Amino acid sequence: MSRPRARERKPAWLRTFVSKTSPLVVTVCEGCGLYVIEDRETVWESWDYGCVAGDDLTVAIILGRPLTRVTWLPSVGHPLLRSVSGSVGIRPDGQYLAGHTCHLARVSVKPFTPPKRERSPGKPWGGPKLSKQEIAEFKRIWNMPYSQLKHEKTPTNKVGQGDEIQALF
């Protein structure tokens, strides 16, 4: 049995969207020859590869196309598909894939864009606050030659009556 031949070029963004560890697979539909995304996790389902969002979401609902929500998992680097029931569970800010129906045009061909990570404006890093003395000590040790650094003693903080705790700075 030969593999079906694709009638279109495979979009480049599908390679990053569907990773090797993902339960999703990009294949060619045997009926129409278009690329589809198959979810092979539980029940095998075929989805068109265009990201449905905004006005396209309204079109998909009017056409009665089944939808699945794309949930991006940054920890594993691939998306999961979550079923929605009709128009229940659909949010206007979500990204979806429309169900594939052979010989019908896709609802959308927009590439999927993973959500940007949230960070507060003006604060690039929320690390510890260091005093000017601590920064100067760090710079002194950082710029010290290794031969001299081997003989450097660790500063100590004296606490109470003779108890000593070693500290970095």
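This report walks through the nonpolar cores and the aromatic rings of a predicted model.

## The cores

Let's start inside the protein. The largest nonpolar core is made of 16 residues. Leu14, Phe17, Ile37 and Leu97 are the ones with the most contacts inside this core. Four elements each give two or more residues to it: helix α1 (13-17) and the strands β1 (24-28), β2 (35-39) and β3 (45-52).

There is also a second, separate core, with nine residues. Among them are Ala60, Leu67, Ala98 and Val107.

## A closer look at Phe17

Phe17 is a good residue to find in the structure view. Setting aside neighbours within four places in sequence, Phe17 is in contact with Leu24, Ile37, Val70, Trp72, His78, Pro79, Leu97 and Phe112. Two of the residues with the most contacts inside the largest core, Ile37 and Leu97, are thus also partners of Phe17.

Phe17 is buried, and Trp13 is buried too. These two residues are four apart in helix α1, so about one helical turn separates them.

## Rings and a charge

The model has five aromatic pairs. One of them joins Trp13 and Phe17 in an edge-to-face arrangement, with 5.7 Å from centre to centre and 70° between the planes. Looking wider, ring pairs link Trp13 and Phe17 with Tyr49, Trp72 and Phe112 into a cluster.

Another ring to look for belongs to Trp44: the charged end of Arg40 sits over this ring, 4.4 Å from its centre.

Technical notes:
Residues are numbered from 1 along each chain as its sequence is written. This is a predicted model: local features need pLDDT of at least 70, side-chain atom pairs count only at pLDDT 80 or more; totals for chains, interfaces and linings use all residues. Side-chain values use heavy atoms; hydrogens and water are left out. A nonpolar core is a set of buried Ala, Val, Leu, Ile, Met, Phe, Trp, Tyr and Cys residues joined through side-chain atoms within 4.5 Å. Buried means under 20% relative accessible area, exposed over 50%, partly exposed in between (1.4 Å probe, protein chains only). Contact means heavy atoms within 4.5 Å. Rings of Phe, Tyr and Trp (its six-membered ring) pair if their centres lie within 6.5 Å; planes under 30 degrees apart count as stacked, over 60 as edge-to-face and the rest as tilted. A charge sits over a ring if NZ of Lys or CZ of Arg is within 6 Å of the ring centre and within 35 degrees of the ring normal.
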